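Visitor: I have this model open on my screen. Could you take me for a close look at one part of it, and show me how that part sits in the whole?

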Amino acid sequence: MFRRERSIPLRGSAAALCNNLSVLQLPSRNLTHFGVVHGPSAQLVSAAPEGVPLAQRQLHAKEGAGVSPPLITQVHWCVLPFRVLLVLTSHRGIQMYESDGSVMVYWHALDSGDASPVQAVFARGIAASGHFICVGTWSGQILVFDIPAKGPNIVLSEELAGHQTPVTDIATEPAQGQDYVADMVTADDSGLLCVWRSGPEFKLLTRIPGFGVPCPSVQLWHGTVAAGYGDGQVRLYEASTGTLHVQISAHARAICALDLAPEAGKLLSAAEDTFVHIWKLSRSPESGYTEVEHCHGECVPDTQVCGARFCDPSGSSFAVTGYDLAEILRFSSV
């Protein structure tokens with residue numbers, strides 16, 4: 001069971017975007033950072049364990065070329081082996097900051113040369129893999145940035161082609177050392193999933209076809225892809241082969257966020273039906289297939305949920321954002 005904890009106030013509502021919450025836990029400092037997007041700015045809030053807000057910072061999208069201020073599409077903390085960077089994506093480009101948002105260390109402008117006049121140009125979908133940060137784009141390309149241990153000498157090292165429609169989300173997990181391990185999955189507006197092996201050169205291992213609805217959010221756990229779809233379904237696939245293990249009619253409306261608590265094997269799903277569900281994943285010793293057990297369901301009444309994340313690796317607490325809701329809702333296990 002989970003109970004509602006003290007909410008964290010925001011200066012404004014979260015925008016109605018999928019995956020509109022990022023959480024970075026700093027156990028050494030007994031702090032948790034929360035990041036939320038609203039229009040042309042991102043709000044960063046630091047909070048103590050009891051939910052007491054200690055500091056707030058607003059970051060704005062870099063203007064680039066154009067008259068109106070660009071809208072931010074996502075904010076996400078990328079935990080790399082030697083540093084943590086905060087990444088912002090917008091309709092103009094990609095901004096990377098030190099983890100507290102104090103210093104911008106890199107700016108990458110999006111090239112709209114190939115886009116038609118009626119096509120929206122944006123970046124969306126952010127994940128770290130080893131010393132790389134991968135970012136999806138409107139064209140379906142994945143930009144791979146090589147990140148040094150310190151300093152601003154970040155390099156665009158590769159552009160991955162696997163999608164024909166805009167990328168929605170990217171998920172990674174640490175590779176276990178074997179050559180065949182699939183450690184990154186990317187999703188797009190058509191529902192297509194691409195499974196990759198990261199490294200100095202990324203390799204496309206398999207494509208998992210969509211079925212006519214977008215896949216707004218995706219996660220990766222012990223070689224299993226968890227994908228949340230626009231029809232409310234959660235599907236679990238074998239990452240290396242694309243075999244479907246489990247299909248759950250999890251929600252009545254489109255899923256807007258998935259998250260994983262890797263230590264406990266817990267999967268969180270949140271959707272526009274106002275529900276947040278928590279599922280327990282496990283591998284069957286007999287079949288080797290992934291099995292699912294429903295653990296908890298939480299209704300956030302009268303709220304268009306747009307972001308939800310676990311606040312710790314064991315999955316004992318989670319946070320939720322909603323459109324037109326000027327606070328981050330927090331829940332913890334009893």
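Guide: Happy to; here is a walk from the whole chain down to one sheet and one residue.

This is a predicted model, in which local features need pLDDT of at least 70 and side-chain atom pairs count only at pLDDT 80 or more, while totals for chains, interfaces and linings use all residues. Residues are numbered from 1 along each chain as its sequence is written, and side-chain values use heavy atoms, with hydrogens and water left out.

Let's start wide. The protein chain has 29 strands and 0 helices; strands here are DSSP runs of E with at least two residues, helices runs of H or I with at least four, both numbered from the N terminus. Along its principal axes, the C-alpha trace spans about 55 × 45 × 40 Å. Its radius of gyration is 19 Å, which agrees with the value near 20 Å for a compact globule of 334 residues; the radius is taken over C-alpha atoms, and the globule rule is 2.2 Å times the number of residues to the power 0.38. Of the 334 residues, 56% are buried, a word that means under 20% relative accessible area with a 1.4 Å probe, counting protein chains only.

Now for the part itself. Four strands form an open, antiparallel sheet in the order β15-β16-β17-β18, where pairing requires at least two DSSP bridges between two strands. At its edges lie β15 (167-172) and β18 (203-208), each paired on one side only. Neighbouring strands in this sheet are turned by 20° against each other on average, direction ignored; their axes are lines fitted to C-alpha atoms, with angles from 0 to 180 degrees between N-to-C directions.

Look next at β16 (residues 184-188) and β17 (residues 193-197), which run antiparallel and are joined by 4 bridges. One residue to pick out is Val-185, whose bridge partner in β17 is Val-195.

Both of those valines also touch a residue from another strand: Val-225 is in contact with Val-185 and Val-195, contact meaning heavy atoms within 4.5 Å. Val-225 belongs to strand β20 (residues 224-228). Leaving aside neighbours within four places in sequence, its other contacts include Leu-193, Leu-220, Leu-236 and Tyr-237. Val-225 counts as buried because its relative accessibility is 0%. From Val-225 to Thr-186 the C-alpha distance is 10.0 Å, although 39 residues separate them in sequence.

How values were computed. Buried means under 20% relative accessible area, exposed over 50%, partly exposed in between (1.4 Å probe, protein chains only).
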